[in-house]
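Visitor: Before we go through this entry, I would like each label tied to the reason for using it. Please start with the core.

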Amino acid sequence: MKFKGIAFAILSSVLLISSCNVGVDPNHDLEIMSADSMPMAAKNEPASVYGIQSEQYDSITGRIQRDSYLSTLLLKYGVSMQEIDKALYNSRDIFDVRKVRPGTEYKILCEKSGNHRARYMIYEHDPALTYVFSFNDSLNITEFRKPVITQIKYAKGTISTSLWNAILDGGMSPALAAELNEIFQWTVDFFGLEQGDYFKVVYEEKFIENKSMGIGKILTAEFTSSGKTYTAIPFIQDGKESFFDVDGKSLKKEFLKAPLKFSRISSRYTTSRMHPVLKIRRPHLGVDYAAPLGTPVHAVGDGKVISATYDGGNGRMVKIKHNSAYSTAYLHLSRFGEGISAGKMVKQGDIIGYVGSTGLSTGPHLDFRFYLNGAPVDPLKVIAPPAEPVSEANARRFEMIRDVNLSLLKTM
C-alpha cells in the first residue's frame, strides 16, 4: 500500500529525530543444549568456506560438550598446547575463550593424509557470528559476521479463543503473544479477553540468510478489548524507551493486571462460594488462576515481603506490602522464589514463587489477593495509578511520533 510506505518513511524520520535507534543488533543467543553431542565421522567438504579451500581437507563436525575445553578438543587433532595458547594470545582482542557456549557447533578441517592434523577450526558462536581458528604458519583467530536483515512486519488478528491461538492461526511468530502481553499487561485483562477482541502490531523481524531469527522491536501496537482500544506508542524519555497511550500517559502502572503471564481464571472474587474441599459456602476474597504446577508467580508491584511461610489451609504463601495503602498475597505456592523471605525488597515482575497446590486445594492454581488499608478488595477491579507521563518539555516531539504511529495503524 502506497500510503503505508509513505507513513513508515515518515515514522523512520521521526524516530531518528527522537534518537529512537532501530538499528540491527547482530548478536543473538542460541539455546544451550543440555545433552552433549559427540563429533560425527569425517567427511569430504565439497565447497570453500570463509575463504578456505575446504575441498583440500577432511571435515569433522560436532558440538561443544558441556564442561569441556577447546584445548581438549584440539589436542586430539594434533594441535599442540603451545599453538593453541599462541593463537589465543595473538587474537586476545578478538576472541574470549571463556565465552565458548556448550551446544554450539564446530567444524575441524584436517589434513587428508599423514597425521590428520587440524589446520582450521570453525566455531559458530551464534547464527550471525563465526570464528575461524588457523593453525598454519599464522596462528590466529578471524571473526566473520553474517549480515542481519531487518524487515518491517505488519500483523493483525481477532480473538476467538485466546491471544496465543489468534497469533498461531494467523501464521505469526508465537513471540508476538509474549511481546503484546509485556506491553499491555498493565491495561489489558488477558484473562478476560472476549471473542471479537482484536489487535494490530507493527514490528521488526530479523533474518540471517533468509532464516528468521525472531522478532525485534515493537514499533507500534493497538489492542481493542471489550470495546475499548489501547494504543502503544514507543517513546524515549530520560534516556529510556517506554510505551505511552495517545494522551502521553505511560502504559506502565503501579500494579500488573495479573501475577501470571499465561493461565486462566478459574474462580473470581465473591462473598459466597462453595468451597471445593470443605463443601461449605463462604467468601472467596481473591482470584484463582489455574496454571500448571511450577508456573512462575510474579510480584504485581514493587514492595517489601512481610511474610513467606506455610499458612495452614493457604499453603505456602507470600505477602507483600507495596505502600501505605496496598498489599497483596499469593497462596498455595509449591515453593518460594529464590531469596524470598520476610524483609526482602522486590521489584514489579520479580518471581516470588511458583504455582502449587499446597494447603486446602484440589489442584495446581494461584489464589491471588489484594488488600486496601488491610481490607480485601477484588483484584480485577483495582485501578492502579500510571507511571510518569510524557513531560511537557517532550510533548511536541511525542505528538509527532504519535501522529505517524496512528496513521500507520489506520492503514492496516
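Guide: This is a predicted model. Its largest nonpolar core has 28 residues, of which Tyr330 and Ile352 touch the most other members. Strands E15 (287-290), E18 (316-321), E19 (326-336), E21 (351-355) and E22 (365-372) each supply at least two residues of this core.

Visitor: Why is the set around Tyr330 and Ile352 called a nonpolar core?

Guide: The term requires buried residues of types such as Tyr and Ile, each under 20% relative accessible area, joined through side-chain atoms within 4.5 Å. Tyr330 and Ile352 are members of the core, so both meet those conditions.

Visitor: What does Ile352 touch beyond four places in sequence?

Guide: The partners of Ile352 include Val297, His298, Ala299, Val318, Ile320, Tyr330 and Leu333. A contact needs heavy atoms within 4.5 Å, so His298 counts as a partner of Ile352. His is not among the residue types admitted to a nonpolar core, so His298 is a contact of Ile352 but not a core member.

Visitor: Which residues does the second core include?

Guide: Ala166, Ala177, Phe223 and Leu251 are among its 25 residues, and this core is separate.

Visitor: How do you know that residues 6-46 are modelled with little confidence?

Guide: pLDDT runs from 0 to 100 as the predictor's confidence, and over residues 6-46 pLDDT stays under 50. For that stretch the model has 84 contacts beyond four places in sequence. The protein averages a pLDDT of 83, with 85% of the residues scoring at least 70.

Visitor: What share of the protein counts as buried?

Guide: Of 412 residues, 45% count as buried.

Notes: Residues numbered from 1 in each chain as written. Predicted model: local features only at pLDDT ≥ 70, side-chain atom pairs only at ≥ 80, totals over all residues. Heavy atoms only, no water. Buried < 20%, exposed > 50% of the residue type's maximum accessible area, 1.4 Å probe, protein only. Helix = DSSP H or I, 4+ residues; strand = E, 2+ residues; numbered from the N terminus.
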